[in-house]
Every structure is written in C-alpha cells, then in structure tokens.
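Please open the model in the viewer and keep the sequence panel visible. The tour below proceeds by selection, with a short account of what each selection contains.

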Amino acid sequence: MSSKASKRTRMSASERREQLITVARALFAEKGFEATSIEEIANRAKVSKPVVYEHFGGKEGLYAVIVDRELTAISTTITQALKSSSSASVIVERAALALLTYIEESSDGFRILSATNTHSSDTYSTLLADVAIQVSGLLAKQFSTHGLDPRTAPLYAQMLVGIVAMPAQWWLDNPAMSKEEVAAHMVNLAWNGLRAMTPNPTLRDVPTTAE
C-alpha cells in the first residue's frame with residue numbers, strides 16, 4: 001500500500017467531509033451544479049461514490065451545505081459592515097468594500113451563490129432582499145433627518161443594493177480595477193445621488209397625451 005493510500009485511510013470522518021466540500025466547491029464553481037457529477041467529485045477526492053453519498057446523501061445535499069456556508073459568510077460580512085457606522089456614506093462604502101472583499105477572497109463561493117440555477121439563485125436573491133431591508137431601515141432614519149419621505153426608503157434601498165450587487169458580479173470577471181477603486185466608484189454614484197435628492201422628484205420629459 002502506498003503512503004498516500006495509507007494517509008487517506010487514516011482520514012477521520014470530519015476530515016473526509018471537509019475534503020469533499022473543498023473538492024466539490026471548486027468543481028461547482030468551475031462547472032456549475034448541473035454539469036458536476038458525483039462520480040467526478042469522488043474521482044477528484046480519490047474516494048468511491050458511496051463515500052460521498054454516505055456523508056451528504058447525494059449531490060443536492062453536498063451543494064446545499066456549500067451554499068449554506070457561503071451564504072453565512074457573505075451575510076455576516078455585509079451585516080457587520082452595515083452596523084459599523086452611523087454615517088450613511090460610510091455605511092455604503094463599507095458595505096460595498098465588504099462584498100468586494102468577499103468576492104476577492106472567496107471567488108468560488110460567490111460564483112456558486114450567484115449562479116443562475118434554482119439551487120442557488122433564489123438563495124442569493126433572498127440574501128440581497130435581506131440586505132435591502134437592513135439598508136431600508138438605515139435610510140429611513142436618514143431621510144427623516146433630512147426632510148425626505150421615509151416611506152420611500154425601501155425603494156431607494158433596492159436601488160442601492162443594485163448599484164453594489166450588479167457591478168460586483170461584473171468585477172468578478174473583469175478585475176482590472178482594485179476592489180477599493182470599484183467601491184469608490186459605487187459610492188461616488190450612490191452617495192452623490194443621495195446627497196442631491198429632492199423631496200418631491202418629478203420626471204422632466206413626460207410625453208403629453210393629445211386630447
């Protein structure tokens with residue numbers, strides 16, 4: 001028996017589980033859920049397919065564990081950033097940088113969370129919705145202080161989340177700029193737009209209906 005084979009046999013159940021998660025996480029990020037098979041996961045981990053089933057019950061169970069871990073990590077990161085300051089501009093800045101830092105350090109995890117399949121896209125959408133709710137509460141306080149209608153805070157929260165979330169996905173595949181530069185541009189648009197808001201905005205060019 002080779003030394004490598006001997007080492008594998010000595011791996012504890014928890015170590016084997018973590019190994020399978022690591023291997024599957026990389027494959028799911030690279031190929032997607034549908035294109036990744038249990039056989040491929042087992043081959044890369046150098047175990048038999050029954051070992052994977054024993055630990056996770058199947059591909060869906062393994063994927064669910066990975067998604068849950070990534071969701072917890074990104075949610076904790078963003079929530080801490082949102083609670084880090086009472087200044088609206090600093091909150092936007094830190095939240096944007098927190099998301100970009102997660103993407104930089106856990107690109108495989110973010111690819112899995114933001115993948116366009118029913119196993120993860122709904123989860124990511126739920127995360128963004130939860131973040132929007134937190135941002136909405138923060139904005140409502142700021143709006144009241146500055147004479148703006150706090151009832152519109154949920155709408156503006158959705159806009160802010162979009163300003164951060166969509167470019168973040170773009171940056172994952174276009175990393176020419178640093179995360180600090182990207183965050184600064186996000187805040188430039190978001191904060192300068194918020195700072196110049198009027199209490200009762202109207203459209204400037206609405207076609208009139210001919211009588």
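By class, how many nonpolar, polar and charged residues does the lining of the largest cavity have? The lining has 17 nonpolar residues and one polar residue, with no charged residues. Please note that the model under inspection is predicted.

**First stop: the cavity**

The count comes to one cavity of 30 Å³ or more. The largest cavity holds about 250 Å³ of space. Select Leu82, Ala95, Val131, Val135 and Val164, which are the closest to its centre among the 18 residues that line it. Then display the helices around the cavity: H5 (59-82), H6 (88-105), H8 (121-145) and H9 (153-173) are the elements that give two or more residues to its lining.

**Second stop: the pocket**

Keep H8 displayed and add helix H10 (179-195); each of these helices supplies at least two residues of the lining of the largest pocket. About 220 Å³ of space lies in this pocket. Of the ten residues that line the largest pocket, select His146, Leu148, Trp191, Leu194 and Arg195, the closest to its centre. How does the lining of the largest pocket divide by class? Seven of its residues are nonpolar, two are polar and one is charged.

**Third stop: helix H2**

Select residues 13-31, which form helix H2. Place a distance label between the C-alpha atoms at its two ends: they are 27 Å apart, and this agrees with the expected span, because 19 residues at 1.5 Å a residue should span 27 Å. Which residues of H2 are buried? Colour Arg16, Leu20, Ile21, Val23, Ala24, Leu27, Phe28 and Ala29, the buried residues of this helix. Moving past the end of the helix, select Gly32, which follows H2 and has a positive phi, near 90 degrees.

**Fourth stop: Thr36**

Continue to Thr36, in the loop between H2 and helix H3 (38-45). Is Thr36 buried or exposed? Its relative accessibility is 1%, so Thr36 counts as buried, the cut-off for that class being under 20%. Show the side chain of Thr36, which reaches the backbone oxygen of Leu27 at 3.4 Å. Leu27 is itself one of the buried residues of H2. To complete the view, add the residues in contact with Thr36, leaving aside its neighbours within four places in sequence: Leu27, Phe28, Lys31, Ile41 and Lys59.

Note on methods: Residues numbered from 1 in each chain as written. Predicted model: local features only at pLDDT ≥ 70, side-chain atom pairs only at ≥ 80, totals over all residues. Heavy atoms only, no water. Helix = DSSP H or I, 4+ residues; strand = E, 2+ residues; numbered from the N terminus. Expected span 1.5 Å × (residues − 1). Buried < 20%, exposed > 50% of the residue type's maximum accessible area, 1.4 Å probe, protein only. 1 Å grid on protein atoms, 1.4 Å probe; cavity = no way out; pocket = protein on both sides within 12 Å on 5 of 7 lines; lining within 4 Å. Points joined across faces, edges and corners; volume = space filled by probe spheres on them. Nonpolar A, V, L, I, M, F, W, Y, C, P; charged D, E, K, R; others polar. Polar contact = N/O pair within 3.5 Å; in protein donor to acceptor, adjacent residues only side chain to side chain. Contact = heavy atoms within 4.5 Å.
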